[in-house]
Structure formats: C-alpha cells, structure tokens
Amino acid sequence: MTFVEIHESNKFGLTLFTAAACTSTMDLAWQLFEAGRLPEWAGVLAERQSSGRGQFQRPWHSPPGNLYASLCVPQPPPAWCNLISLLAAEALRVVLSGLGLGATIKWPNDLLVAGKKVAGILIEERAGTVVAGVGLNLTSAPMDNRRDRSHAMSAGCLQEFGVALGPMEIWGRFVHEMRRNFLEKTAGGAPADFLHGLEAHLAFRGREIVLDAYNGAKACVVMLGLDSSGGIRVRTGEGQQRVFHSGSIYPAA
Amino acid sequence: MSKTFEQVAAEIRGKKILVANRGITARRIIRSIREVFNAVPVLTVTDADKTAPFTAGAQELILLGENPRAYLSIDRIIALAKKHKAAAVHPGWGFASEDSGFPQKCKEAGLLFIGPSAEAMQLLGNKVKVRELARSLSIPVVPGSKGAVGIAEARQTATQIGLPVMLKAEGGGGGRGIYEVHDLTQLENAFSKASALAQASFGNPRLFVEKLLTSVRHIEIQVIADRYGNVFAFDERDCTVQRNHQKLVEITPSPWAGMTDERRGRLKEYAVKLVQKVGYHSLATVEFLVDGDGREYLIEVNTRLQVEHGITECRYGVDLVEEQIAVAFGAALRFKPEQTLPVSHAVQVRINCEDPRNGFAPNSGLITRYISPGGPGVRLDSCISGGYAFPPHYDSAAALLIAYGRDWNKTLAIMDRALNEYVIGGLKTTIPFHRRIINNARFRTGDYDTRFIETAPDLLYYRDVEPEAVRASRLVAEISARGYNPFVQLGEYRGQGDKRLSPFTPVLPFLDKAEIKAVYPRGDRQALLDYIRDTGLVHFTDTTPRDITQSNSGNRFRLAEDALIGPYLDRCGFFSIENGGGAHFHVAMMANMTYPFNEARSWNQFAPVTPKQILVRSTNLLGYKPQPRNLMRLTTERICEQHDVVRCFDFLNHVENMYPLAEVLMNSPGNVFEPAVSLSWAEGFDVPHYMDVVEEIVAMVAKASGLPENQAVRHFIIGLKDMAGVCPPRFMRALVSAIREKYPELVIHYHRHFTDGLFVPACGAAAQAGANIIDTAIGAAVRWYGQGEVLSTAAFIEEEMGLKTDLNKEMIRTCNFVLKQIMPYYDRYTAPYFRGIDHDVVFHGMPGGATSSSQEGALKQGYIHLLPYMLRFLAGTRRIVRYHDVTPGSQITWNTAFLAVTRAFQRGGEEEVRHLLWILESVAGVPEGKLNAELKKERLILYREGNDAFRDLLMGKFGRLPLGFPPDWVYESVFGNKYREALSQRTQASPLASLTEINLGAERADLTRQIEREPTEEELVMYLNHPADALKTIRFRQEFGNPNRLPLDVWFEGLTPDRELYFNDSDGKPHRMMILDISTPDLQGMSLVRYELDDETFTYPVKVAESMAAMAGTMEMADRNNPAQVGSPSTGDLWVMYVKPGDVVKKGEELFNITIMKQEKAVLAPMDGIVERVIKTADFKHDKKMVPVREGELLVVLGLVPKKCAACQAPIKDESFRFCPGCGASLA
C-alpha cells in the first residue's frame, strides 16, 4: 500500500486535493471517489506521477514542473455526454489564449501551440461519474526520441513560448473556465452551436491528415470540420464525405 | 615453426569457437568443432532462430535480438564473441563471410578468424582485382573490362568484345548482381539499375563488364592452403545445372566427356598458382567457365567455405571444415597428393522450400510431416525437422542432400531413391523437381550447358502428390469432421452427432473361380445374336448397377460396391449387365469422383464373362449437349472398348439423329448396336405409329451397315424403351406381335420402368408376344422407379406364360444376399424424397427418378400445394405437344408445367390456377372446330411462361417432333407476336447437321493448362463430355486419391474417434487409420482432426462452419432486467476486455472498457459472480485493434458465485468437483 500525503483546500468554494507524488491523479481521484470524498468539481493535483497515463493506459511522462491534475465533472445532459473531452479541450484553449498563446485543438482532446503538442486530456467514466485528467507541459516536454509511433507530433511546453505560470495557478483558471463553460453550454441545449464555434479552433482544418482508425487501416483524408455529434468530418481520397468518432489524427507529411 | 594437426587439436580442446551464421551452415560447422577437437561450439542466433532445430548442436547461444538481419552486424558479433571469451570465429558462407572487414576487425580484437586474411580476401574476393591477377599469371579470364567502369567505358568495352555482355558487381559473387545486356540500347538503363542493386546488396556500386558466354559449363576447383605455403587442389566440382545463375545440382567429378585428365590438371594448376601468389591460407574455390569450344575462363574466386563443399568431402572421404579450422590455428596441411585420393562419385541437390511449379516462389510455414532419407551412400545436411515452422526471413534452403557411390549410375540411383524417400510435408519443396532432373536423359549423359533447366520445361511436369493412403486419410478427416460427405453432393444429410449405421463389413459368400461358364459370346456380334435367336429362350439384362441405382439411389452406387456384387452378377446367366451410360456417366464424376472409363475397365476385370451394356443418347451421347462428329467418334471408341451392347435412344424418335452412331457401331463387329424406340401411351402413339419408327430404324441400320434390310435385321437389336412405365400389357402384346410378324429375325429387347405397378404383366405380355430380352434387376435393390425384380418376372414368364429361361437362380439369390447388405446405406442417404408406386404416371408421364426429384423441387420452393395442378398441367400438355417422356423431354415438360402453374398462382392465387387448368383441359385433345372464339383467345395464356428449352423444342432444335409440330396457336402462345417468325424458322432437320467439329488440339491444351500436366486420353474425353465435373474429379483424385478405397459407411458418415479403420490402397498395401480427436470448431469455423495413419500422427484442419466474424450480423442484446447480462453502455469501440470465462469477479470490479470520442468508459461488474461468457474481446494495447460495439450489446454474462472451499476459500467452479482444485481438500 502506498501512502500519499494529501492536502485538502477550498478555493472558489471548490475542493482541491494536492499531493507531492502519486501513481496518477486519475488513480487518486477514483480512490477518493470510492471513499465518497470526491464531490463534483473537486480536483486532484500532484507535482509528479510515477504511473501517469494517457489514453488506453499509455504512459504519460510526469516529471516535476508540469501540471498533472484530475477534475470530477458532473454528468451532463445526454446530448452532451460524449462531448466532455471537447468541452475540456475548449476550456483549456481559452485559458491558453488568455495567456497570449494561440492554441488549436487537435481533435478531440490534445492542445497544440505552434504545431507542438502541449497538453492532453483523458476522460474516464466509471459508475456514472466522469473524471477529466489534464496533463499540461509547463517547464518540460518529452523529447522527440521518446516518441512512439502513435504520437507523430513533437511536444512542446509553455515555457518555450515565454509563459511562466505555476501549475496551481493554471489549474485554477482551468477549473473556473471549465465549470463556467460546462454550465453555460449544457444549460443552453443543443451542442450544435458549441461545435460550430469550435471548428474555427480545430487544428489541421482544411488540411490533409492521416486518420488511424484503430482497425489497422490508415487513410489520408482532408479534415473538414465537426459534425453535430462531435465526430470529425473528412473528405476521403475518393471524394466522399465521412464522419469518424474514433481514431487518431496527425498531419500528413 | 609449423604445428601438426594433433598439436593444434590439443590446443583447441575446450576452447570456444563462435559460428557467426545460421541454418545449414551453422550445423555443419558445429559438427566439426565438436568431433575431433572437442572444442565448444557457440552460435549467434536472432530471435527468429533461437529455438530452431539447427541450434541443437551448439553448446552456447549468443542472442542477437529480434532484428533478423543481425547476422550482418560484424562489430556487435565480435564484441559479443569477446565477451563470451571465444577463441575463434567461423563466418560460414553468405552473410558477412566475404566482407574483408570481418577478418580485419577480428584481428584487431584479438580473435582468430577462420578464413583468409583481410588482404588475401580483398585481393582474391574482389572480382576486378582477381581478373588482373589472373591475367598477370597467364590464367585466361572472360573477355571484359580491365576493371570497374563507368557507362561510357562500359559501352566501349561492350562494342569491343561484342554483345551480349554481362554487367557484374565488383563486390558481388555467388551469381548475384548480374545483369545481362543483349542490345546496346539497353545498356544505360541496365547499368543504372545494376549499379543501384549492387550498392544495395554489397555496399559497392561499382560494375565491370564481361562477355556473356552462351554455351558454357561451370567448373570449379576446391583448394586449401595452410600458413606455410602448402596447397592442395581437389578434383573439380561441376555446377552447370543452374537457374538464374543459382546452382541447383553439384557433381563431382564432372560427368562431362570433355573433362579430361589433362583439363583437370590444368585447372588445378591455375587454382594453385592463384592462391600461392597471394600467400593465401584457408579454403578457397576457384570458379571457371568452359565454353563449347573447350576454352576455359576464370570468373571468380570464393574465399570461404561453399555450399557444395560436401560433395568434395564425400568424394575424398575428408572433412574440409575440420581442416580449415586446424589450418587457421596453425596446423600444417594434412592433405597430400599421395595420401588424399578420390574414391567416390558424389551429387548434391539443394532442397529448398520453393514451389518450382509456381516460379520457384519461396514458401514458409509449418513442416507437418518429416521423414528423412538414409541408408548407404546418403548424406543429409539439413536445418529442419518435423514440427518446425520454416521462417520467411531468410533464404529458402532447407537441406542439402548428397548421394555418393562407386560410379555415376550407382550414385544417380541412390539419389533417386533418397529423393523418393524424403518426405517434407506442409510445404512445397524442390524434391520432386530434382527427381525429374536426376531422371532426365540429357542430364544423365552429362552433355548439357548452363541453359539446361531453361531448355527442359518438361522438368516441371510432375505430380507433387503424397502417397495415396495419406490422401485418403485426409478425405476421411474431411468427412468425419463434418459428419457428412460434402463431395457426394447430397447436401448436409447428417451431422457429426447423428446416429450411425453399423460399420460396413459385408459377408461375401465364397465364389469358386473354376465354376464360371461363358454362355453369351463376347467380341462377336454375329455369334451373340444367333445365340439369342436359336435358343428360343427369354433372356435377361440386369440393370442393377445402372438404371436401378440411377432411378432409386440417386446414381450414387459406387464402383466399390459394384466390385462386390459384380463377380456374382457375372455368374447369374444374364445376357448383359447394364453398367454404364445415361446419367450415371456424369454422376460418376460429379459425386463419386470416379473415372467412368476406368470404372468400365474394372468391371471387365472383376466380371469378365458377361457382356456389358451401356445407354447413350442420340445427339448428346454421354455429354450435356449435341456432339460434333469428331467428338462423337472419340467417345464411341472409348465406349466400344469396354462395352458390348450399346443402346441408343432419341426422345423424339428422330431416327436420323442416331445415324452417326449407327455408322460407327455397325462397322465394329465386336459390338452390338441397339437403337431403341421411346414409348409413350397416348392418343396418336399407336401401333402403326411405332411400326413406322421401327421401319425407319431398320432402314437406317441397313444404310449404315451397307446390308440389304432383310440381312440387316439379323445384325442388330431393337430396343423398346418405356421410360415412364406407362404402356399397359395389352399394348405391349400388340406392338411386339406386330414387330415379330414383320421382322421375324429381329431380336427385341424390352425395357420398362416399374412406376405404374404393372411391370410383371407387361413383361410377360411382351415375352409371350416374342420379345427376346427383358431388363430386370436384383430384388434387394428394386424400389419404385427402376425396373422390376428378376426372379418374380422369370417365375411369371415361366409359370404363367409357359416360356423357358436359363438363369442361375441360386447365384441370383446369393447375389441378392450381398446386395441386401449394401442397400441399407444407400436407402438411408440417397433414396428419393417421394417414394412409392405412382399409377398416375400414366397421366402425367414423368419417367423414372425424375418423378421424385421434380416433385421435390416443387416442395422445396414452397409450391407443394400446387403439385396436383402441375401434374394435371403435364397430363394436358402431353396431349397438345406430343413427344415422349424421356430425358430431356421430361424435364422440359415438367419445367413448363411448373412455370405455368406457379406464375398463374403469383398472378391470381389458386383461383387463377384453376382457371388455367380449366382452359387447358377444355382445349387439350379437342378438335379445332369445336372451340369457341373465347377459348381460342384464352388458350394463348397457357404457354406464355415457356422457358428457352421449350422454345427450342418447338423450333425443332432438338429434332423432329414424332407427331409433327403442334398447332400454330401453341407458337402464338409461346412466342407472342413474334410467332410468325418462329413458324417460318422452325426446322425438322437433325441438330447434328449444323454442328462444327471441335478443335481437339485447343481443348487438349486447355485441359493441360487447367490440370497443369499432360492429360490421359480418357481424361480428355471425360473433359469434352462434361468439362466442369471432369475437372472436379481429376482434381479430387489428385487431392484425395481413389474414394472407392473407403468402405461404404465411412464414405457417407466418416469415422468416429477410437474406431480403427483398415483399408487397402490401390497397390493393395494395407493401412490403418484411427481418429484420436475432432476439435470443436474455432472462431474461424475450423475444426482440427488429429489422427493416426499407420505409425504417424497427423493434424488436419477442416473448415466446417462459417467463421463467427461472418455471423456478426446477428448481435445479442443484453437483457436490461437481468443484472447478470452486462452490455455496452454506449456505441463505441471495445478496447480492452479484462476478464475471461471462469474468472471470479467482485461487484464493482472493472470488466471491460469502451472508448467513444476518446472518452474511456469503464464497465463494472454489477454483482459478485463468475464470468460465464465473454462475447467479444479486445486488447488494444497489444494488438492495436478495437472491436466496435453498439449500445446495449451483450458483452459479458455472469453467473452466480460458486461455492467456496471451506479450507482455502478457493472458488469451486464446477458443481461436480469432489475435491478442491486449490488445496485438495475433500468437498463432501
């Protein structure tokens, strides 16, 4: 059993758990949830993680200096329940924009600045509860030779763009934006407007991308935008328009 | 100071020697390291090789990791060698063995390199430098450029020495990197390609030019030298048999007459001079080309051990590898001319995993069967074993097989024998190809050049087949895994678990060979017919093997069972046994995989005495469409060989159609022609009508034989063929009497079907009126649609009619006993759907077996309720379109009725059908004058649905209708407003008149291409008659052997595990087979059959079901009210399934995870339980595949938590366990 020192605080009326080190803030968040100690909008933040993870349990390199945190998000209305990753991505983009960085969203949940990946978002759902994890590179980013095949992009960190904010500060802004965005948009009804507005900030829009559809097939398509369910709309090599809800995209060479 | 071999051996003992190679090479070298030296062989292996059979001899393995090309990483290998404290490194052949960096780096690392020094290797191994050296020593080289050249110089050289030329890589060797240029315009293109290839293959793009010598032999000299200047040259190796510059067969000494002692001496001298000049030590091979004029040219020197070194070792009885190692360590060479003498001839063939018949394409895969050759004069260097999965990453060399003996012929005989013994199953290899080479006449004379393989395409004509018993065992596996035989074309008539009939072990009463008396003469038509006439008896033809089983057992009666009853039938005193023709010919190929002409030949072997009879159709003979003359002749020749009586019929009684056949048969004195009159019982078909037909036939026979009619009648038999079994006894009496009266000497042969139930009285009436021969069958096989039974018919004829017969009744009873034991299997699996006597046949006229199959068709298509209407329609149509109900006429009528009635039904239900029939019955047989205008209009609807065959019939394309064309309104009905055109175009000419001869040559070429070998004449005739089914049978026999070897129950049901099957192959050798296990089909629908055949175990996969993936259309949904059924929470992709059946889970435990829009949804166990079923599974992390799922789709089914062991709390998964699987405590 690992002992983790947690500090609970209350900022903006929202619970925040912090730890110097843990396996992953996602693990910690779920443990707290199971113990009944994770209310809505509570956050869990750690300085470093020993088993940080991204999608499909891929490792997320987590040395001290960057932001690693998880947020307990309430269940949205049904029309929005698969769009949480886009909501979180948009919230983070707004925060970065406020810092003077023009970020784009690499569908559905990565953030790019100047073509480099600076953040990734992971949404996990269990027993009706949603936890959104954020990994944001502040002072360091994994080097190119750590790249495995699935990330065909290089990584960057905010420091190289001249931003020198600490993790707590950025997290605060993110939670604030996320909560505001979430409540506003989901109360408003259909996601169509939200998605339409998001299109302008999509990375590679109008450009050729490679879509890796998770069944071994890779296709070169042109990214057109989003459809009303949050999937990406693309034009295939044969000129057809199609929508995909799963798969990885990266820029064609 | 030189050391002796023994001194060096003592030095090396216990030292580690690293072999930096794999496969055959590695194994070879390891052997010599161990034998006398007792040194420690160490082997480098990549992941692909680390458990391969050839690693067994190594003491230590140095793992190189997963990159298959790691054998080329010299630096790493040397570093590892040092780390493992190896004393020396042997590079083998291939890989880095001719990279001069290797010896250089070994030297720097303090490792002994078993091979030449870097300098010597650079000098002799460089193709350009060695040419220079040779020239300086007055050794002739192939004319070409002095050194490496650019394009301009290449062009110049080519022009100078003359085309054709070769562009060769300076760094190449072993026949690789050679580009031929025959035309100067090709030069530039070839040059850039060759250069690029050379760079990629050898790391050196430089090329030089050599003249391409056209008719050459490849001769090489093996030499070995020590560090002290001693050199020994061995006798030549002849490697002329090559393909694409790759050696296939190597021979020592050369079998070529031009290899004189003098030439040998000279070539050895050249070789020795070369190695001595550079101060070379270790093994080397100096390669020469000798052209048609006997001129010799040096081409290259290989500074390493070679693939074909083994034949030199066999010739001299030495170990070259051992010597090479010793020399490397400083021993003086032991080989001396006085002591080292050649003794044997030796030949090596390279056994590669390639398919010669498919362009030598390499193949990799599991070696399922492995039997290596042995015995005197056989040496095998292989890298494979049974169960080894031959990898695709490396070359295709599996084994080097050497045969050695005292002289050339003995050596070749040994090689042929060894190749025959060598079995590598599961892959295609070059073994059969080498056998063809060894047995090729030109090869054996030794008189050929390097173009031998290209110029002998017939080397590829072989059948790569396994022994018949192995093939038969696969057939048994195919049937057993399914539970039914898919080849016999009866659908899925049973399943694996269904009840079986008992094993087929018939009791065969003893037959005394001496007893047989030949009553009916064979081979002499005159004698046979005279005998019939003179004896005044009633004679019988037995139709059990053909028409009976065709009508009642789907024609599936096999040759295997024919062979059981045949010997008995032969002794029954029958005039003839009808054993071929009709649909039997076709079905023999389609379902029984038997060559029909072989079948006929076999019949004459096991039943040699009684004449044989065959049934053919006039225009089609045995085929599916009218035959042009040349084909008809070919087919008839085959028929006449094995059959005595040839009965021919035309369903329209268009006698002219029989003429070509009549011509051939009447001029074959050993055969009897039996033209038959097709009989129907209906208005217009009366005795005078049929007498006209008989007269026509007599006239035809007279014309064909060139005899006057009164003599012609003595030379043939007239058949009377009542296929539907409808003509009543009184009619037969009248008809036969009329024939007998007009033609007292004409032999009459009566054939009738049982269907209306009046068989016996009709036969009696015919016999009484003068019919000479009656068709009957053996009782045990008599059913509903064939002929009647022989003994009862004979009894009626003898006792009621007072006539005499000469049957061996005792033998008939005995035959019946044997047949009785056979029929239950055919009855169970091949009997028609509808059975029973059908007197209504008199009205609807459907003949024989068609009765059931046609009606079954109606049932299967859901129209059984319309069947009575269809039969009425038939009956009515027979009165309008008048012809005889025999094949193919019966099909045409039936289809017409079927279509008319079903379409009417579709238009307006049963009401419409009744209306249709009312019209038909109001019109049929009613004179034109008596019909009102309305009926005349309505009747046009009757044949609107006529199909093409019906249309063709009306147009006369089958021949002339017996009572002329039907009335014009029928044409209007069938052709609509085009009917006038049809009327003008219809013909009464024979369809044979307009046929063009087939192109026999083209058809033969076609067939050759399809079966990839020369077909026999019989296969050609089979193919010309029924192409698709002939091909099916030919390929089946190639794959599975002769199915008649299997007993009847196994043919239909297969084997169950643990039952022993004994069978003989076609050579009479006995075999034993026993299935050990048949696995349940996997997700791909494959079932694995594991079985023993003689003393080997085989595993054979059989596809018994569609793969589950194909069945994904039906998806199970989770029952929302059932907590044990866990479904997907949303549509998305399943990327990980954490549980498998049998896992015990707690409530809240994660079972699987679905991702949608990159959100990962964990699905938790709703309750404690044990996982019973997992419907879909995924493991994206490992196989990068996700499985799409839909919302609510069932993925996991849980069961109640099993009870736990009191002692250790382990879950008890099965109620029936009596002891705990965890701690062993009793659960009572």
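The legends below describe close-up views of a predicted model, covering one helix pair and several salt bridges. Local features require pLDDT of at least 70 and side-chain atom pairs count only at pLDDT 80 or more, whereas totals for chains, interfaces and linings use all residues. Residues are numbered from 1 along each chain as its sequence is written, chains are lettered from A in the order in which they are written, and side-chain values use heavy atoms, with hydrogens and water left out.

**View 1. Crossing of helices α22 and α23 in chain B.** The axes of α22 (residues 659-666) and α23 (residues 687-705), each a line fitted to C-alpha atoms over the stretch in contact, come within 8 Å and cross at roughly 50°. That angle makes α22(B) oblique to α23(B), a class left over once angles under 35 degrees count as roughly parallel, over 145 as roughly antiparallel and 65 to 115 as roughly perpendicular. The contact (heavy atoms within 4.5 Å) is made by B:Y659, B:A662, B:E663 and B:M666 of α22(B) together with B:M700, B:V701, B:K703, B:A704 and B:S705 of α23(B).

**View 2. A salt bridge between chains A and B.** A:E125 forms a salt bridge with B:K1161, their closest N and O atoms being 3.5 Å apart; the term denotes a side-chain nitrogen of Lys or Arg within 4 Å of a carboxyl oxygen of Asp or Glu. The pair crosses from strand β7 (residues 116-126) of chain A to strand β40 (residues 1159-1164) of chain B, and both A:E125 and B:K1161 are buried, that is, under 20% relative accessible area with a 1.4 Å probe and protein chains only. By this salt-bridge rule the count comes to 88 over all chains.

**View 3. A salt bridge within helix α32 of chain B.** The closest N and O atoms of B:R914 and B:E910 are 3.6 Å apart, and the two residues, four apart in the helix (residues 889-923), are separated by about one helical turn. B:R914 is partly exposed (between 20% and 50%), with a relative accessible area of 43%, and B:E910 is likewise partly exposed, at 32%.

**View 4. A salt bridge linking strands β32 and β33 of chain B.** The side chains of B:E1060 and B:R1072 meet at 2.7 Å, N to O. Because B:E1060 lies in β32 (residues 1060-1064) and B:R1072 in β33 (residues 1070-1078), the pair ties together parts that are 12 residues apart in sequence. B:E1060 counts as partly exposed at 38% relative accessibility.

Technical notes
Axes fitted to C-alpha atoms, helices over the stretch in contact; angles between N-to-C directions.
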